[in-house]
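Colleague: I've got a model with several chains open on my screen and I'm not sure how to read it. Could you walk me through it?

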Amino acid sequence: MHDVLTTCVYCGCGCGLYLHVEDGLVCGSQPSRHHPVSRDNLCVKGWHIHESVNHPDRLTTPLIRKNGVLTPATWEEALDFTAQQLGRIRDQHTGKAIGVLTSAKCTNEENYLLQKFARTALGTNNVDHCARL
Amino acid sequence: MPHASATTSSHLLKKDHLKGFLRKLAKEYRLVAPVRNRHNDVLFTVIDDLDAAEIELGEPPQNSLKQFFLPQQERLYSYTNTPDGYDFRPTQTTIPPTVYFGVHPCDLSAVLYMDVVFSRRQRDPFYLRRRQGSVLIGVNCNSPAPNCFCNATGSGPFLEMGSDLQLTDLGDRFLVEIGRAPGHALIEHWQGFFSPSGDKDSAARYQAFLEARGRFSRQVHVEQAIRQLEAGTVPEQVWEELSLRCQDCGGCAYLCPTCTCFTISDQQLDATSGQRLRSWDACTFGGFTAMTGGHNPVQAKTSAIRQRFLHKLRDDVRQNGRPSCVGCGRCVSVCFGGTDIVRFVERACQGSL
Amino acid sequence: MTNSINEIENAEVILVSGSNTTEAHPQVARRMLAAVDRGARLIVIDPRRTRLAECAHLHLPLKPGTDIPLLNAMMRVLLDEGLADDLFIEMRTENFLALRDMLNRLDLEETAALTGVPLPLIRQAAQLYGRARKAVICYCLGITQHVCGTENVQTIANLAMLAGQIEKEDTGVDPLRGQNNVQGACDMGALPNMLPSYQGVHNEDYREKFERAWGMRLPEATGLSLVEMTHGGPQGPIRGMYIMGENPMLSDPTLNKVEETLRGLDFLAVSDIFLTETAQLAQVVFPAACFAEKSGTFTNSERRVQMVRQATQPPGECRADSEIIMELSARLGYAMKYGSSGEVMEEIALLSPIYGGMYHDRLEQGWGLQWPCWDRNHPGTPFLHKYYFTRGRGHFMPAGHTAPGEAPDQEYPLLLMTGRIYHQYHTGTMTRKSERLTRECDHAVLQINPTDAKGLCLRQGEPVRLLSRRGEITLAASITDQVASGMVYTTFHFHEAPINQLTNDAFDSGSRCPEYKVCAVRVAKVAP
């Protein structure tokens with residue numbers, strides 16, 4: 001049983017909150033008292049942030065569409081197939097035919113890596129996210 | 001209140017020896033104490049490494065013991081769908097015997113209240129399996145925080161009973177009073193750490209109590225508000241003003257050490273199995289009283305807020321002889337809009353004092 | 001934000017425009033209410049009577065899309081009444097004469113009539129703002145999600161500079177960012193025209209710097225924006241897409257076009273934590289780790305870069321997005337090998353000047369750092385534009401009224417605005433999995449004024465059809481005077497009532513931000 005300080009993923013306020021972990025499961029959250037934004041409280045979304053982490057609907061295995069249906073696959077299959085498809089489009093039409101959406105919910109490091117991937121491996125500046133939505 | 005009763009024997013524990021005593025305890029118990037972490041927050045924490053933990057007995061911790069006995073989300077049962085219906089099995093959890101060290105009087109009073117809720121009329125096995133085997137070591141509060149008002153709710157700053165051992169900080173030493181048998185057993189077991197206390201120490205304890213009582217920065221007229229609620233004379237505009245400013249976060253109920261409302265929900269995991277979860281709930285949420293068909297007997301926000309304060313300050317006084325607010329002040333600093341219990345008491349008493 | 005969130009608490013006047021702060025940014029609203037408790041004046045500019053508007057001293061219920069005339073009228077009042085900050089204008093700005101001439105040509109009565117706000121109210125607001133020693137303007141998507149979004153923002157900047165309400169602590173212009181890391185995603189160069197740290201792709205020097213670091217020639221031409229990518233149609237320029245943690249199938253305007261486009265792709269891969277509406281269209285779906293299962297940083301609205309720490313292991317076979325990207329990149333012939341997110345951040349610090357001093361070991365201490373943070377010893381920057389603007393002098397950009405992309409007419413007589421509610425977040429991918437949040441609010445409602453409802457013989461809660469030129473949805477009517485007659489309002493969180501099937505994909509040519517705040521609709525009863 002322990003608490004891990006992290007940053008809330010709902011909205012741009014960026015509250016500091018503790019995730020309460022028991023037996024490897026996140027089973028609660030609470031605000032940080034001294035964090036400059038959360039200052040001892042969270043909004044209703046922050047207080048219930050753990051509920052989506054453990055949800056049974058979480059995706060847990062890669063899926064590939066086979067005969068029109070998304071079907072569980074191995075990581076190797078999914079990665080190989082994706083790389084092959086993106087590579088084919090890049091080689092046939094250049095990178096201009098590939099679009100990449102990064103995420104305002106993912107970390108800075110992941111966003112950095114994905115735009116770098118788009119601009120180098122795929123050779124395209126078609127990279128954006130839902131900044132305006 | 002302040003004088004040690006004749007039957008309780010009291011001892012001294014030098015501050016230099018506290019860590020050694022805790023180290024002994026940690027060998028036989030899981031140890032939970034308020035720890036100031038590297039982010040400067042003070043939380044009740046399970047201590048794995050006593051030398052790395054900075055135990056903080058002055059500043060009240062931001063969480064109470066509630067989450068240890070009634071976790072925010074707890075799996076009560078797992079179930080399988082069988083042809084004959086559902087087959088429920090209680091989740092197995094082993095909670096090690098735990099010493100809760102450094103519990104302030106407000107939080108101790110709150111645990112006693114929760115004990116009443118979860119064991120007096122109906123025994124709640126899930127609460128009790130976490131609560132049983134726990135040892136409470138309290139520490140009287142020498143320095144109430146700015147939002148504290150336990151003096152107005154009869155739950156501090158010093159407490160005579162309720163814990164297994166009760167400590168009072170007397171500068172270089174703690175006065176240790178035995179509250180219950182498990183406390184007595186601890187002292188018996190590790191006699192070497194303790195020495196007998198004398199009249200001088202009792203006098204110092206009384207002096208510390210008087211000083212602590214003088215350190216409250218708020219005068220909160222809880223009793224007056226209780227009388228107003230009992231008489232039904234709280235002006236309607238007070239509820240309206242409070243509800244307009246409530247931002248519906250639920251933080252007051254979640255941080256409150258005596259708010260014990262919960263909701264039970266079933267979560268299907270796959271086609272043949274699922275789990276039954278219990279999680280904290282707050283009476284100020286609109287959905288708290290909503291019924292399956294859509295009807296909600298508590299229609300307006302004003303009614304929900306009224307319900308909250310009636311429960312804490314009127315109904316619990318009727319039932320238990322004292323309010324279930326323990327004056328810890330947690331809801332005061334958390335509130336987004338200013339709908340906390342202190343603001344309520346101030347508004348309700350405006351003009352009547 | 002030019003300020004920190006806590007500075008709002010100390011302002012004397014808070015002007016909020018196009019932000020439903022209590023619902024979308026509760027922590028910011030908390031500071032506003034605290035400021036009001038201390039005697040600050042609160043001015044809310046919003047077509048709807050929001051909760052915050054009810055707490056305000058002045059509420060200016062403007063007609064949607066008339067922000068520029070309203071702000072221009074306020075500025076004219078400042079000029080007329082000698083409330084402009086002449087010293088600030090002289091020392092710190094340029095192009096003032098163009099603004100002054102434009103304002104002096106305004107007919108105040110006419111301009112006020114255009115906005116629907118009585119002139120005395122506008123005057124009062126201008127006086128309050130102009131006379132304050134410390135005033136902040138907070139704005140949100142109500143300003144930017146218009147065809148003239150860029151000009152709206154520039155006009156807000158004009159107002160702040162004219163009154164000299166910038167450059168000081170507790171004083172400034174604060175756009176509230178919607179999502180937890182939308183600021184960071186922009187900072188990281190997840191934009192078609194910008195490399196990390198807002199270094200334009202068209203600039204040869206910047207490109208060269210990244211080419212040397214990344215060991216590869218980089219494309220020069222500005223790429224396509226999100227709406228251009230997702231609205232190209234089945235024969236559009238985009239043939240394959242990789243989407244990480246986004247759900248354009250619910251969040252983008254004119255959803256029918258998005259669906260057509262995504263279905264028409266040769267290949268679509270999506271990485272997400274749940275099977276979103278977008279993932280359902282993909283050929284490959286990757287199960288991603290969520291925030292509690294990985295480490296890294298987010299950047300909040302006040303530019304504070306903060307640690308995200310792993311609390312638990314990902315379920316099943318989930319992997320962090322960074323791992324997935326590295327695996328793909330290696331397979332596509334560009335190996336990227338990073339041992340940790342901290343190592344990625346070292347590269348970011350190397351190449352992005354405003355993140356120059358951001359290292360994980362520093363961010364681990366305290367509460368993160370606010371950019372710009374130029375080097376390891378830099379303490380970060382709580383408020384921007386002290387002594388000088390980034391570009392040197394502040395440039396006044398006078399703007400006139402631009403009509404919305406679509407106006408109500410006989411066929412579609414009502415004006416639709418969209419927004420967010422408190423209990424849900426964006427497309428509901430996470431919040432709708434939360435038992436408590438869904439209990440509190442799990443369906444879309446259409447706010448409609450009692451007069452309009454009466455005209456249609458609607459009852460409270462009755463399901464209604466909402467139609468625009470682009471689509472139709474059914475949702476429950478919520479009859480309330482929070483919206484004025486002639487307007488309706490709803491949210492975009494719910495896939496059962498995907499409001500973006502109706503919204504217009506007209507967008508601002510500068511920011512390429514779609515006009516979610518105005519489109520023409522009609523309400524009809526559901527046939528019995």
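Modeller: We'll go chain by chain, then look at where the chains touch. Keep in mind that this is a predicted model.

Colleague: Let's start with chain A. How many helices and strands does chain A have?

Modeller: Counting the elements is a good way in. Chain A has four helices and seven strands, and in sequence order they run β-β-β-α-α-β-β-α-β-α-β. The radius of gyration is a handy next check: for 133 residues the globule rule gives 14 Å, but chain A comes out at 19 Å, so chain A is more spread out than a compact globule. The box around its C-alpha atoms, along the principal axes, is roughly 55 × 30 × 25 Å.

Colleague: Into which domains is chain A divided?

Modeller: Domain 1 covers 2-53 and domain 2 covers 63-128. Their C-alpha centres lie 31 Å apart. You can also look at how far contacts reach along the sequence. In chain A, 34% of the contacts with a separation of 6 or more are between residues 24 or more positions apart.

Colleague: What share of the residues of chain A counts as buried?

Modeller: Burial here goes by neighbours: a residue is buried if 20 or more other C-beta atoms lie within 10 Å of its own. By that count, 69% of the 133 residues of chain A are buried.

Colleague: Now chain C. What does its radius of gyration say?

Modeller: Same idea, new case. A compact globule of 528 residues would have a radius of gyration near 24 Å, and chain C has 24 Å, which agrees. Chain C holds 20 helices and 21 strands, and its C-alpha atoms fill a box of roughly 65 × 65 × 40 Å along the principal axes. Buried residues account for 59% of chain C. As for contact reach, take the pairs at least 6 apart in sequence: 69% of those contacts in chain C join residues at least 24 apart.

Colleague: How many residues from chain C and chain A go into their contact?

Modeller: When you read an interface, count each side, then ask what supplies it. Chain C puts in 114 residues and chain A puts in 89. On the chain C side, helix 16 gives the most, with seven residues. By class, that side has 62 nonpolar, 35 polar and 17 charged residues.

Colleague: Which strands of chain A and chain C pair?

Modeller: For strand pairing, check the direction and the number of bridges. Strand 6 of chain A (residues 98-101) and strand 9 of chain C (residues 240-244) pair in the parallel sense over four bridges. To find the spot, pick A:G99, whose bridge partner in strand 9 of chain C is C:M241.

Colleague: And how do I read a helix? Which residues of helix 17 of chain C are buried?

Modeller: An α-helix has 3.6 residues a turn, so residues three or four places apart point the same way. In helix 17 of chain C (residues 341-351), the buried ones are C:S341, C:V344, C:M345, C:I348, C:A349 and C:L351.

Colleague: What covers the buried residues of helix 17 of chain C?

Modeller: The cover includes helix 4 (108-120) of chain A. From chain C, it includes helix 12 (204-214), strand 12 (296-299), helix 16 (321-331) and helix 18 (360-364).

Colleague: That leaves chain B. How many helices and strands does chain B have?

Modeller: Twelve helices and twelve strands. Its radius of gyration is 22 Å, close to the 20 Å that the globule rule gives for 353 residues, so chain B is as compact as a globular protein of that length. Buried residues make up 44% of chain B.

Colleague: Into which domains is chain B divided?

Modeller: Domain 1 is 10-213 and domain 2 is 222-349, with 26 Å between their C-alpha centres. Their contact takes 33 residues from domain 1 and 25 from domain 2 of chain B. Strand 4 (73-82) and helix 3 (105-119) are the elements that give two or more residues to the domain 1 side. Strand 4 supplies the largest share there, nine residues.

Colleague: Last one: how many residues go into the contact of chain B with chain A?

Modeller: Chain B gives 23 residues and chain A gives 20. Strand 3 of chain B gives the most to the chain B side, with three residues. That side divides into eight nonpolar, 13 polar and two charged residues.

Methods
Residues are numbered from 1 along each chain as its sequence is written. Chains are lettered from A and ligands numbered from 1 in the order in which they are written. This is a predicted model: local features need pLDDT of at least 70, side-chain atom pairs count only at pLDDT 80 or more; totals for chains, interfaces and linings use all residues. The radius of gyration is taken over C-alpha atoms; the globule rule is 2.2 Å times the number of residues to the power 0.38. A residue is buried if 20 or more other C-beta atoms lie within 10 Å of its own, exposed if 12 or fewer, and partly exposed in between; C-beta atoms are placed from the backbone. Two residues are in contact if their C-beta atoms, placed from the backbone, lie within 7 Å. Domain bounds come from an automatic or database domain assignment. Ala, Val, Leu, Ile, Met, Phe, Trp, Tyr, Cys and Pro count as nonpolar, Asp, Glu, Lys and Arg as charged, and the others, Gly among them, as polar. Two strands pair if DSSP finds at least two bridges between them.
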